[in-house]
Amino acid sequence: MLDNDISKVVQADRAHVWHHLFQHRALDSKDPRVIVEGKGLKVWDQNGREFLDAVSGGVWTVNVGYGRKNIADAVRDQLVRMNYFAGAAGSIPGAIFAEKLIEKMPGMSRVYYTNSGSEANEKAFKMVRQIAHKRYGGKKHKILFRERDYHGTTIGTLSAGGQPERVAQYGPLAPGFVEVPHCLEYRAQWDDADYGRRAADAIEEVILREGPETVGALCLEPITAGGGVITPPEGYWPRVQEICRKYDVLLHIDEVVCGVGRTGTWFGYQHYGIEPDFVTMAKGVASGYAAIACCVTTEAVFDLFRSDAEDPMDHFRDISTFGGCTAGPAAAIVNMEIIEQENLLENCTQMGARMMAHLEAMKIRHPIVGDVRGKGLFLGAELVSDRATKAPLDEKLVARVVAECDARGVILGMTNRSLPGLNNTICLSPALTVTAEEIDQIAEVLDQALAVVGGLAAETAA
């Protein structure tokens with residue numbers, strides 16, 4: 001590290017870096033953590049402490065693990081040859097990866113490159129709005145989003161944000177975004193034996209309330225991520241698809257977290273037989289080795305933007321500066337090859353089942369575990385102070401679980417600044433390369449942390 005004096009790096013970080021999702025008062029009395037190296041699932045900080053990373057870079061990103069020299073080599077070789085040209089022209093890795101990606105997405109056809117998940121979702125929103133003007137006189141412009149879902153950090157995507165704490169203090173927001181109810185059966189909003197269908201019917205009710213002639217699109221995560229790791233109930237997605245077709249509503253699936261293997265299929269929506277009009281993705285596309293995100297559409301959507309060559313307003317009049325970088329698709333090509341060659345989708349399914357079995361056992365042992373859920377290596381455990389009432393465990397105690405794991409050398413996450421009073425879900429998402437031994441290690445440490453915090457919760461209740 002420069003002159004091998006890591007303390008200078010730490011000082012520079014403390015003095016000048018503005019960290020994400022972080023209250024910097026914590027650094028009044030301690031050093032920031034600087035992650036200096038990673039290999040497989042392991043990372044090391046500036047003090048040489050080793051951690052097993054059970055959240056893939058903190059935010060569900062490093063799907064193929066750390067230290068992949070072949071990805072780095074591919075990026076380096078591409079940058080030397082051609083690093084960038086604006087997206088009005090093409091690039092060799094951009095064309096190759098687009099073709100490979102579309103092969104994994106039957107029914108989809110076109111890839112629009114951007115540099116972040118937020119931006120990819122913005123592009124889809126803009127396409128919906130432009131389609132409204134091109135076909136419906138601007139009237140069919142409303143975009144529905146779901147309570148608890150998250151689609152990005154820009155003002156536009158926050159306007160489609162179903163997490164009130166994420167949105168708080170950033171208004172006024174963009175008009176034309178309308179919330180529909182969540183589908184978490186553990187915190188059921190309706191007493192209905194066919195809960196999945198009932199939760200989907202709530203979307204139809206919102207469409208009818210707003211007027212179908214005004215609703216252009218529905219934007220949903222296939223599995224809700226930061227809002228509590230919510231897997232959709234049986235019957236939910238078929239009914240959602242039916243509703244969208246009935247009212248001519250474009251279906252936008254946000255795969256920024258679930259995409260490229262996280263749930264055991266290439267994309268989360270593929271578990272449910274959905275035929276979307278838009279699919280957006282980012283985090284796992286290149287596993288964090290380069291910045292890349294994509295907004296993928298059907299050919300039918302694409303054709304709407306090339307109907308009149310004489311009309312200068314007919315095409316999608318948009319640009320993403322860093323969507324023209326070649327490092328992203330160069331990394332993404334190798335990332336996809338690794339997933340295929342190492343059978344990581346199968347490993348994800350098997351190791352996810354192993355981790356879920358551990359979580360189910362913890363639910364039996366620890367009264368503070370109210371519910372466990374997830375798919376593949378995208379898992380969550382909702383913590384409660386009372387199983388009967390499902391009262392959420394105090395957020396500070398949930399954070400204590402994370403801290404106890406950290407002290408034992410395992411980094412995991414929790415729902416953070418999302419839902420007032422409901423930031424109570426532990427999040428687990430190790431790299432798709434995780435081994436059975438590593439799964440068992442993560443589970444053992446989490447089990448120990450739950451025992452400690454469960455004891456504290458009992459003392460508090462007494």
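**View 1. Contacts of Leu101 in the predicted model.** Leu101 touches Val111, Phe267, Met281, Cys294, Val296 and Met336, leaving aside residues up to four places away in sequence. The model shown here and in the views below is predicted. Leu101 also ranks, with Phe97, Val240 and Leu446, among the residues that touch the most other members of the largest nonpolar core. That core holds 100 residues. Helix H14 gives the most to this core, with nine residues. Another core lies apart from it and has 17 residues, including Ile131, Leu250, Val301 and Phe316.

**View 2. Packing of helix H4 on helix H11.** H4 spans residues 92-103 and H11 spans residues 327-341. Their axes are 8 Å apart, at an angle of about 35°. The crossing of H4 past H11 is left-handed. On the H4 side, the contact is made by Pro93, Gly94, Ile96, Phe97, Lys100 and Leu101. H11 brings Pro329, Ala330, Ala332, Ile333 and Met336. By class, the contact residues are nine nonpolar, one polar and one charged. Met336 of H11 is also one of the residues listed for Leu101 in View 1.

**View 3. Two aromatic pairs, one edge-to-face and one stacked.** The count of aromatic pairs comes to eight. Tyr236 and Trp237 form an edge-to-face pair. Their ring centres are 5.6 Å apart, with 80° between the planes. The planes count as edge-to-face because the cut-off for that class is over 60 degrees. Tyr236 is buried, at a relative accessible area of 0%. Trp237 is buried too, at 2%. Phe267 and Tyr269 form a stacked pair, 6.2 Å centre to centre and 25° between the planes. Phe267 has a relative accessible area of 1% and is buried. Tyr269 is likewise buried, with a value of 2%. Phe267 is also a contact of Leu101.

**View 4. An aromatic cluster of Tyr112, Phe305 and Phe316.** These residues form one aromatic cluster. Phe316 also belongs to the core of 17 residues.

**View 5. Glu459 in helix H14.** Is Glu459 buried or exposed? Glu459 is exposed, because its relative accessible area is 58% and the cut-off for exposed is over 50%. Glu459 is found in H14, which covers residues 436-461. H14 is also the helix that gives nine residues to the largest nonpolar core. Glu459 and Gly227 are 232 residues apart along the chain. The C-alpha atoms of Glu459 and Gly227 are separated by 28 Å.

Definitions and conventions:
Residues numbered from 1 in each chain as written. Predicted model: local features only at pLDDT ≥ 70, side-chain atom pairs only at ≥ 80, totals over all residues. Heavy atoms only, no water. Axes fitted to C-alpha atoms, helices over the stretch in contact; angles between N-to-C directions. Helix = DSSP H or I, 4+ residues; strand = E, 2+ residues; numbered from the N terminus. Left-handed = near helix turned anticlockwise from the far one by under 90°. Contact = heavy atoms within 4.5 Å. Nonpolar A, V, L, I, M, F, W, Y, C, P; charged D, E, K, R; others polar. Buried < 20%, exposed > 50% of the residue type's maximum accessible area, 1.4 Å probe, protein only. Core = buried A, V, L, I, M, F, W, Y, C linked by side-chain atoms within 4.5 Å. Phe/Tyr/Trp six-rings, centres within 6.5 Å; stacked < 30°, edge-to-face > 60°.
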